[in-house]
Amino acid sequence: MANLINLESVEKSHGVRPLLDGVSLGVTETDRIGVVGLNGGGKTTLLEILTGIEEPDAGRVNHTRDLRSAVVTQRTELPPDATVRNAVLDPQGFTAEHEWAADPKVRSVLNGLGMTGLGLETRVAELSGGERRRVALAAALVRELDLLVLDEPTNHLDVEGVRWLADHLLSRRCALVIVTHDRWFLDEVCNRTWEVVDGRVEQYEGGYADWVYARAERARIAQQTEEKRRNLARKELAWLQRGAKARTSKPKFRVEAAEALISDVPEPRDTVELVSFAKRRLGNTVIELEDVELRLADRKLLDNVTWRLGPGDRIGVVGVNGSGKTTLLRLLAGEREPDGGKRIEGKTVRLAHLTQELHDLPGEWRVLEAIEDVAKQVTLGKYELTASQLGERFGFGKGRQWTRVEDLSGGERRRLQLARLLMDEPNVLVLDEPTNDLDIDTLQQLEDLLDGWPGTLVVVSHDRYLVERVCDNVVALFGDGNITHLPGGIDEYLNRRRSLLEGGDQSLGRQQESGGAAASGKAKSGGLSGAQDRAARKELSRLERQLDKLADRERELHDQLAEAATEPERLQELNSQLRELHEQKDDIESRWMELADSLD
C-alpha cells in the first residue's frame with residue numbers, strides 16, 4: 001500500500017535543542033495514528049512538517065500528487081472578520097441554506113460541534129479561543145479528505161463531544177494523524193501510535209493500551225535505568241487489568257511478560273483505609289448543600305437541591321459545555337453564594353480549588369521557589385515529598401526547576417499551579433479540568449498521587465479515562481435543576497444524553513436545553529405503551545431512592561469499620577454486612593440499567 005506522506009531522515013531543531021533527529025516514517029491511507037510524548041518534545045513540530053507548514057532543517061518530505069489534506073493545530077487562525085458560515089460552509093460552495101441542510105455529513109458536523117448553537121452569522125472575533133478551535137475543526141471535518149491532521153482536538157470538547165468526534169472519525173474513510181493526551185480517545189480511534197521521544201519517533205501497533213504494554217515490555221527487555229517511567233507503566237498496567245479492560249487489538253506484544261511486571265503491584269487504592277483516614281482528618285461534615293438554588297443569568301442551574309459530600313468521597317461531575325459545572329465547583333469551593341438555601345462547610349476543611357484560569361506569580365521567581373513558597377515538604381497520603389520531588393512529578397526536572405516563571409509555557413504554568421495547590425496539603429480537592437495541557441506522563445503522575453490521596457475529591461473533566469480511574473461515583477447536570485447520580489458512570493450519561501436529544505428538537509444539536517430532561521421524560525420510547533412507560537419510570541424512581549439509602553448505609557458501615565479498627569470480630573461482622581450490601585446494590589443497579597435501556 002502506497003504512502004500518502006513520506007519523511008526521509010528529517011531533522012528539526014529549535015535553538016540548540018533537536019526536536020527531530022533523522023526521523024523516517026510514512027502515513028498510509030488506512031492509518032489512524034495517535035502521536036504521544038512529553039510537552040515540548042516535538043509533537044506539534046512533527047505535524048507541521050508532515051503537512052508542510054514548516055520546512056525541515058534537513059531531510060525530505062514527499063506527498064502523493066493531488067493529496068487532499070487538512071490540518072488543525074493549536075496555531076490555526078481564522079480571519080477575525082469572517083463569520084462561522086464564512087469559515088465552515090462558504091469554502092465548500094454552499095450558497096443557500098438548503099444545500100448544506102440536505103447533506104447529512106455537514107449537518108452532523110454542525111450539530112456535533114455546536115456550530116448551530118454558536119450561530120452561523122456570528123463573527124469569529126466575538127468567539128472565545130475554544131469556540132474558534134471548534135470552528136476550525138468543523139471547517140476541516142466538512143471537507144472530503146485523504147488525510148486529516150489534528151492537534152489536541154478534544155481540548156475544548158465535553159465528554160459527549162469527545163464521544164461524537166470519535167464516532168465521526170471512525171466513520172470517515174481517510175487517514176488520520178492526531179496529537180492528543182486523551183487516552184480513551186487514543187484507544188477508541190487509533191490503530192497505530194507514534195511516541196516522540198529524544199528526537200526519535202518510536203512506532204507501535206495499536207492504541208493507548210497496546211502502547212502501554214509495549215513501553216513496559218521495552219523497559220523490561222532493555223532493563224532501562226529510567227526507573228520512574230517503568231514504575232508508572234507498571235501501575236498503569238495494573239489499573240488497565242483491574243479497572244476498565246484494555247482494548248488491545250490483538251496480542252502483538254508478549255503480554256505474559258508485561259503482566260509479570262504487575263504481579264506485585266498493589267491495588268491502586270484501598271477505599272476503606274482512605275475513607276477511614278479521611279474521616280479522621282475531616283470529621284463527619286465536609287461540604288453540604290441544603291435546599292440550594294443556583295442561577296446563572298436567567299437560567300436556573302440548581303432548584304432546591306440537597307447534596308452531601310462526605311469524607312473520602314471521590315466524585316466526577318459531567319455535563320455539556322454551558323451546563324454549569326464550573327459554577328457548581330465555585331459554589332462548592334465557597335467562591336459563589338447560593339441564590340437560595342445554604343452551604344455548610346466542616347470546621348476542619350482545608351479546601352483547594354484548581355480553576356481553569358492561571359494565577360499570576362512573580363515572573364522573576366524560579367519554579368522551585370514558587371513551590372517552596374507554599375511549603376518545603378508535603379505528605380500526600382502514602383507519599384512524603386519535598387518541593388523538588390513534587391516538582392519532578394509534574395514534569396519539572398532538576399534543571400527545569402531553576403527556570404523563571406515568566407519563561408514557562410501555558411501548560412507548564414498550569415502544572416506549577418497544581419503543584420502549589422497540592423503542596424498546601426488540602427483535605428478537599430475541587431479540580432476544574434485538571435488534565436488541560438498535561439502530557440500523558442504527567443497525567444500518570446497526577447493519577448498516581450490522586451489514587452492514594454486520602455481526602456474528598458470533586459473533579460470536572462472531559463477526560464473520561466481520568467474520571468473512571470480516580471473517581472468512585474459520577475454525577476451529571478442535565479439542565480433540569482438537579483444533580484443526578486449515575487450508577488452506570490459516563491456510559492450511562494452518554495445514553496441519557498442521547499435519549500434527551502432523540503426526545504427533543506434535533507436542531508438543538510448538543511446545546512444545553514432548558515427543561516430538556518422534563519421534555520424527554522414525556523416522550524414515549526422503546527415501544528412501551530403509556531402505562532408501561534409510567535410503570536417503568538415509577539420503578540426507576542423507587543430504585544434510585546433505594547440506591548440513595550444504600551449509599552447512606554455504606555457510608556455508615558465505613559464509619560463503623562474505622563471505629564472498630566482494633567476489634568477483629570466486629571471488623572469481620574461489618575465486612576460481612578458490607579459484602580451483602582454491595583451484592584444488593586449490584587442487583588439494584590443491574591435492574592436500574594435494564595429499565596433505563598427499555599426507556600432509551
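These exercises, each with a worked solution, deal with side-chain packing and pairing in one structure.

This is a predicted model, in which local features need pLDDT of at least 70, side-chain atom pairs count only at pLDDT 80 or more, and totals for chains, interfaces and linings use all residues. Residues are numbered from 1 along each chain as its sequence is written, and side-chain values use heavy atoms, with hydrogens and water left out.

**Exercise 1.** State how many residues the largest nonpolar core has, and which helix gives the most to it.

Solution.
- Start with the term: a nonpolar core is a set of buried Ala, Val, Leu, Ile, Met, Phe, Trp, Tyr and Cys residues joined through side-chain atoms within 4.5 Å. Buried means under 20% relative accessible area, exposed over 50%, and partly exposed in between (1.4 Å probe, protein chains only).
- The largest core has 49 residues, and Leu 141 and Phe 185 are among those with the most contacts inside it.
- Helix H6 (residues 129–141) gives the most, with seven residues. Helices (H or I, at least four residues) and strands (E, at least two) are DSSP runs, numbered from the N terminus.

**Exercise 2.** Classify the ring pair of Tyr 208 and Trp 211 as stacked, tilted or edge-to-face.

Solution.
- Rings of Phe, Tyr and Trp (its six-membered ring) pair if their centres lie within 6.5 Å; planes under 30 degrees apart count as stacked, over 60 as edge-to-face and the rest as tilted.
- The ring centres of Tyr 208 and Trp 211 are 5.8 Å apart and the planes stand at 55°, so this pair is tilted.
- In sequence, the two are three residues apart in helix H9 (residues 208–222), which is about one helical turn.
- Tyr 208 and Trp 211 are both buried, and with Tyr 465 they form one aromatic cluster.

**Exercise 3.** Locate the two partners of the salt bridge between Lys 12 and Glu 54, and decide whether each is buried or exposed.

Solution.
- A salt bridge is a side-chain nitrogen of Lys or Arg within 4 Å of a carboxyl oxygen of Asp or Glu. For Lys 12 and Glu 54, the N to O distance is 3.2 Å.
- Lys 12 is in strand E1 (residues 3–14), whereas Glu 54 is in the loop between helix H1 (43–50) and strand E4 (58–63); the partners are 42 residues apart.
- Lys 12 has a relative accessible area of 10%, so it is buried. Glu 54, at 17%, is buried too.

**Exercise 4.** Compare the accessibility of Arg 496 and Glu 492.

Solution.
- Their closest N and O atoms are 3.3 Å apart, in a salt bridge.
- At 22% relative accessibility, Arg 496 is partly exposed, whereas Glu 492, at 2%, is buried.
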